[in-house]
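Dear colleague,

I am handing over the structure we spoke of, and below it you will find notes on what turned up. Please read them with the coordinates open.

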Amino acid sequence: MRHKQRQALDSIIVTAEQMRQIEGRIFAAGMPVAALMEKAAILTAHSIQELYPLSQVSRVGILVGPGHNGGDALVIARELHLQGYNICLYCPFSQLKELTQYHANYANSLGICSYEDIELLEHCELIIDGLFGFGLTRPLTGIIVEAITILNEWNIPVISIDIPSGLHTDTGEVLGIAIKATYTLCLGLWKPIFFQDQALEYIGEARRIDFGIPVKDVRAIVAKPFPLQILTKTLAKEFLPLPRPLITHKYKQGRLLLICGSYRYAGGAILTGLGARASGVGMLSMSVPESLKPLLVSHLPEALIIECPETKTGAIAGLSPLASDFDQYDIVACGPGLTQEATNIVENILSVPLPLILDADGLNILAQRVMVSGLSRRVAPTILTPHLGEFKRLFPHIADPGGDRITAVKRAAQESGAIILLKGARTAIADPHGTVWLIPESTPALARGGSGDVLTGLIGGLVAQNSGTQEILSRGVATAAWWHAQAGILAAQERTELGVDAFTLSSYLHRVGAGF
Ligand SMILES: NC(=O)C1=CN([C@@H]2O[C@H](COP(=O)(O)OP(=O)(O)OC[C@H]3O[C@@H](n4cnc5c(N)ncnc54)[C@H](O)[C@@H]3O)[C@@H](O)[C@H]2O)[C@@H](O)CC1
Ligand SMILES: Nc1ncnc2c1ncn2[C@@H]1O[C@H](COP(=O)(O)OP(=O)(O)O)[C@@H](O)[C@H]1O
Ligand SMILES: [K+]
């Protein structure tokens, strides 16, 4: 049980303020500050030694800041020195926090040299960045900016302690300038920065150092349901409808209606259908313009393809009676490849009393008609899956979603009453109650036309098999996004990042489940 609770810390994200409060509880309960620093820094030193053993690297430059990030750096400096590494420190600050000053004095007594000129570290084979951690709130200036500018131009691997110095812990914003790390060793608990697109190129590869923060202290500060959560493999596994019940039938395994496609964007409909197919959904129906029916049947023979009357240019003009019998479905997904001509389809579908996913042109039409504010009046939940461009059109007043994406998606969900999935390198999913799910890893191989269509079908098919409260629904959406990203990673490993077209991606989806 306690092991499971510890494991749960893998999926929690805390803000800088929450981290401060958790730390505060530990200190108030009697843990000496120096002892906690020692625990965290010793484990960090071990990780550094694993990554860069003495057999490969001997000259190590360590950047020491004025606060406890600098204190960690000095404990690491001492340990690596004692192990035989050749250490030199860069510390341009005259005032250090008391504990940091003690460690600086001791490092000095061991004969570890310390410089105020960054150029003297140029011949190091590894740099450890302990300038600033989650205590940084104001922009860097002066000599530190110059030092980081020089350092970022060197071709030396950098390990950042806790976070790359110069980044805001919560938003991932660059405060003046920031260190570009090769690895970042996150101390204790994951922070939002690790899931903010704008910070990713500074973080490099991220690892968490679990130095034994008591679960009860985390629980006391971050109440359930946790406001920021990572969709881990364990959580995804719990949600996938595997194994299937022995006694079941197709109508019990989810009934999904996709409304998609046009003469212009016929491929989008196929890809959405293939995403849905991979979800294992029991019964897939697809409403498409009538002239596309033969094409869709040839690609998705198992699906019920419902032909709809079409406009002169080949967009859906209206839903046929079969597609309008909404008792037959558990969920509807609408949008990929519709074109903006299908305005009345989107307007009408909003009044259907079923969970509804809107993507692509579904979103564009929603934005154009300024219908977002009406979503909260829907009797069933709505799921919007915008990329950044679509998000800006839907929520033009929400400040710079390219910056602090986590806050932006949370606000959008709270304002609209919909579940919002904001696509990106780290896709974020927010529900109207304030929970945000983050997808911890993905691949730029997915940045290709059509991969979003596959995602829409996959979400629809998965959620159709396990719909329920809004909480369950948002977790289902997040699980589908995790699944999609994992399939991308798997495909990119085998075929390089250039080999993951959307059709190929859809053919890798089933292999993710097979790996469980
Ligand atoms: N969370 C935890 O439980 C633990 C945290 N530890 C370390 O403590 C760090 C946080 O330490 P602190 O709160 O001391 O903060 P930091 O070490 O992150 O930096 C804050 C210090 O930098 C100064 N400062 C802030 N902005 C500045 C600027 N623009 N220019 C120059 N100086 C500036 C502040 O006056 C303060 O002294 C973490 O990142 C981590 O490395 C560890 O020691 C062990 C345990
Ligand atoms: N740099 C990236 N890293 C990881 N995933 C990405 C990246 N860029 C895009 N993606 C993913 O690819 C998909 C693209 O979707 P979208 O833009 O809707 O494409 P389309 O509409 O052409 O199908 C999303 O799931 C998104 O998260
Ligand atoms: K740092």
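Ser 376 counts as exposed because it has 12 C-beta neighbours inside 10 Å, where a residue is called exposed if 12 or fewer other C-beta atoms lie within 10 Å of its own, buried if there are 20 or more, and partly exposed in between, with C-beta atoms placed from the backbone. Ser 376 sits in the loop that runs between α13 (361–368) and β14 (382–384); helices are DSSP runs of H or I with at least four residues and strands are runs of E with at least two, numbered from the N terminus. Leaving aside residues up to four places away in sequence, Ser 376 touches Ser 416 and Gly 417, a contact being a pair whose C-beta atoms, placed from the backbone, lie within 7 Å. From Tyr 263, Ser 376 is 113 residues away in sequence and 33 Å away in space, C-alpha to C-alpha.

This is a predicted model, in which local features need pLDDT of at least 70 and side-chain atom pairs count only at pLDDT 80 or more, while totals for chains, interfaces and linings use all residues. Residues are numbered from 1 along each chain as its sequence is written, and chains are lettered from A and ligands numbered from 1 in the order in which they are written. The mean pLDDT (the predictor's confidence in each residue, from 0 to 100) is 95 for the protein, with 100% of its residues reaching 70 or more, and the model scores ipTM 0.92 and pTM 0.95.

A second loop residue, Pro 396, lies between α14 (388–394) and α15 (405–416), and Pro 396 counts as exposed because it has 8 C-beta neighbours inside 10 Å. Its C-alpha atom is separated by 17 Å from that of Ile 419, 23 residues apart along the chain.

Turning to the ligands, 26 residues surround ligand 1, of which Gly 67, His 68, Asn 69, Gly 133 and Gly 135 come nearest; a residue is near a molecule if its C-beta atom, placed from the backbone, lies within 6 Å of it. The largest share of this shell, five residues, comes from α4, and the shell divides into 12 nonpolar, nine polar and five charged residues, with Ala, Val, Leu, Ile, Met, Phe, Trp, Tyr, Cys and Pro taken as nonpolar, Asp, Glu, Lys and Arg as charged, and the others, Gly among them, as polar.

Around ligand 2 there are 18 residues, and Lys 423, Ser 442, Leu 446, Ala 447 and Gly 452 come nearest. Helix α16 (residues 451–465) gives the most to that shell, with four residues.

With kind regards

Key:
Two residues are in contact if their C-beta atoms, placed from the backbone, lie within 7 Å.
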